[in-house]
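Please look through the structure shown here, with its sequence beside it, before reading the explanation below.

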Amino acid sequence: MTREAPTAESAYAWWRLVVSLALMTLGGVGMYGVTVVLPPIQAEFGVARGDASLPYTLTMIGFGFGGILMGRLSDRFGVMVPVLGGAIGLGLGFMAAGMSTSLWQFSIAQGLMIGLLGTSATFAPLVADTSRWFTRRRGIALAICMSGNYLAGALWPPVMQHFIDSVGWRQTYIGIGVFCLALMLPLALVLRRRPPALPAAEPVSNATLKTSTAPTTERPLGLSPGALQTLLCVAGVSCCVAMSMPQVHIVAYCTDLGFGAARGAEMLSIMLGMGIASRLLSGWISDHIGGLRTLLLGSVLQTVALLMFLPFDGLVPLYLISGMFGLFQGGIVPSYALIVREHFSPLQAGTRVGTVLMATLFGMALGGWMSGAIFDLTGSYQAAFINGIGFNLLNVAIVIFLLRRARRSGIGLGRVAQPA
């Protein structure tokens with residue numbers, strides 16, 4: 001007697017989503033851990049703050065390129081293969097970094113093993129895989145999955161800081177490596193089943209026109225696949241340059257204003273916490289209005305929040321604006337994964353989602369550096385906020401262009417319709 005294969009939206013699909021959320025939360029330690037360990041790294045190796053920041057930069061670059069590599073492996077062999085490899089890379093990478101004797105050894109372990117081969121396997125491949133297990137509720141499913149990235153940012157830093165204060169950063173890193181291997185390897189085995197067969201192009205419904213037309217994968221939105229992919233990547237870089245300004249520099253900004261680093265850290269925690277709520281809410285919204293419209297909504301609201309930073313610099317207003325910023329921007333990045341699934345073949349989901357998410361990561365890295373460089377030139381973060389607003393407006397312009405192309409092409413913008 002053969003066991004019935006699991007289907008989209010089934011109980012197994014939801015269980016698989018829970019496992020993906022756990023894996024992304026565990027794997028996110030590679031992204032956030034290096035920021036926590038920066039001060040002891042600087043002190044132990046006796047280097048400048050800029051040099052001590054190099055491991056973070058290499059981790060983000062490895063994370064970005066690794067998303068494409070792991071996406072390709074996921075498309076070809078299924079998501080379990082890259083996740084198993086990522087668990088091994090992450091675990092061994094933390095152990096190697098914990099035993100490093102120089103900054104360059106630590107940087108290589110962070111960039112190559114933790115970023116390129118480790119954390120990257122627990123982001124884009126899991127997002128792409130989740131998109132193939134859900135149809136009607138794809139938006140909220142993607143939002144739940146990608147909340148693991150923010151959940152990691154909320155959970156790992158205080159846990160790591162506790163153990164760094166107790167036993168030191170080296171033992172903490174080695175312990176994390178063992179912990180990730182012990183938990184992630186068995187969780188990855190849950191993902192061994194391949195997703196249900198889906199048509200190369202799924203019909204979508206236009207809530208406005210009440211029609212149901214199939215997007216042409218050869219000319220998505222009337223553009224070549226490469227052109228649409230490029231526009232989405234430029235949009236991803238632009239919105240994340242803007243997004244990184246408060247996320248990367250809010251602690252330094254509060255210090256400059258005389259409020260202290262602890263207040264800035266609290267504001268960052270509020271941002272990430274509200275970001276989780278934002279991702280879940282935006283996922284529900286995107287199931288009703290589609291990925292492009294959800295992206296436009298989030299991008300416009302992010303612009304509003306950035307504008308609020310310009311006239312207000314009091315302690316209470318900054319707490320409120322930080323929460324508002326987190327609530328507005330958390331759903332932006334998941335929208336890109338949904339857009340890819342709405343307009344490209346599911347057979348290309350891993351590669352194309354990985355490419356677009358790589359662009360958002362590069363946007364975060366570029367924006368974090370750019371805002372610091374602008375501050376060094378001007379002595380103020382006001383110009384950096386304005387720079388972020390300008391990049392955000394570029395993102396809005398691209399999304400409006402794509403929405404107009406969709407209307408002219410007669411392609412639905414609403415949620416995915418169920419096959420008859």
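What follows is a walk through one helix and then through the salt bridges of this predicted model.

A starting point is helix α10, which covers residues 169-189: at 1.5 Å a residue its 21 residues should span 30 Å, and its end C-alpha atoms are indeed 30 Å apart, which agrees. The buried residues of α10 are W169, T172, Y173, I176, G177, C180, L181, M184 and A188. An α-helix has 3.6 residues a turn, so residues three or four places apart point the same way. The partners against which the buried residues of α10 pack are α1, α2, α3, α6, α7 and α9.

Helix α10 also takes part in a salt bridge, in which the side chains of R170 and E44 meet at 2.6 Å, N to O. This pair links distant parts of the chain, since R170 belongs to helix α10 and E44 to helix α3, 126 residues apart. R170 counts as partly exposed at 22% relative accessibility, and E44 is likewise partly exposed, at 41%.

The count of salt bridges comes to three. In another of them, the side chains of D129 and R16 meet at 2.9 Å, N to O; D129 lies in helix α8 and R16 in helix α1, so the pair ties together parts that are 113 residues apart in sequence. D129 is buried, at 6% relative accessibility, and R16 is buried too, with a relative accessible area of 2%.

A further salt bridge joins the side chains of E9 and R137, at 3.2 Å, N to O. E9 sits in the segment before α1 and R137 in the loop between α8 and α9, 128 residues apart. E9 is buried, with a relative accessible area of 16%, whereas R137 is partly exposed, at 33%.

Note on methods: Residues are numbered from 1 along each chain as its sequence is written. This is a predicted model: local features need pLDDT of at least 70, side-chain atom pairs count only at pLDDT 80 or more; totals for chains, interfaces and linings use all residues. Side-chain values use heavy atoms; hydrogens and water are left out. Helices (H or I, at least four residues) and strands (E, at least two) are DSSP runs, numbered from the N terminus. The expected span of a helix is 1.5 Å times one less than its number of residues. Buried means under 20% relative accessible area, exposed over 50%, partly exposed in between (1.4 Å probe, protein chains only). Contact means heavy atoms within 4.5 Å. A salt bridge is a side-chain nitrogen of Lys or Arg within 4 Å of a carboxyl oxygen of Asp or Glu.
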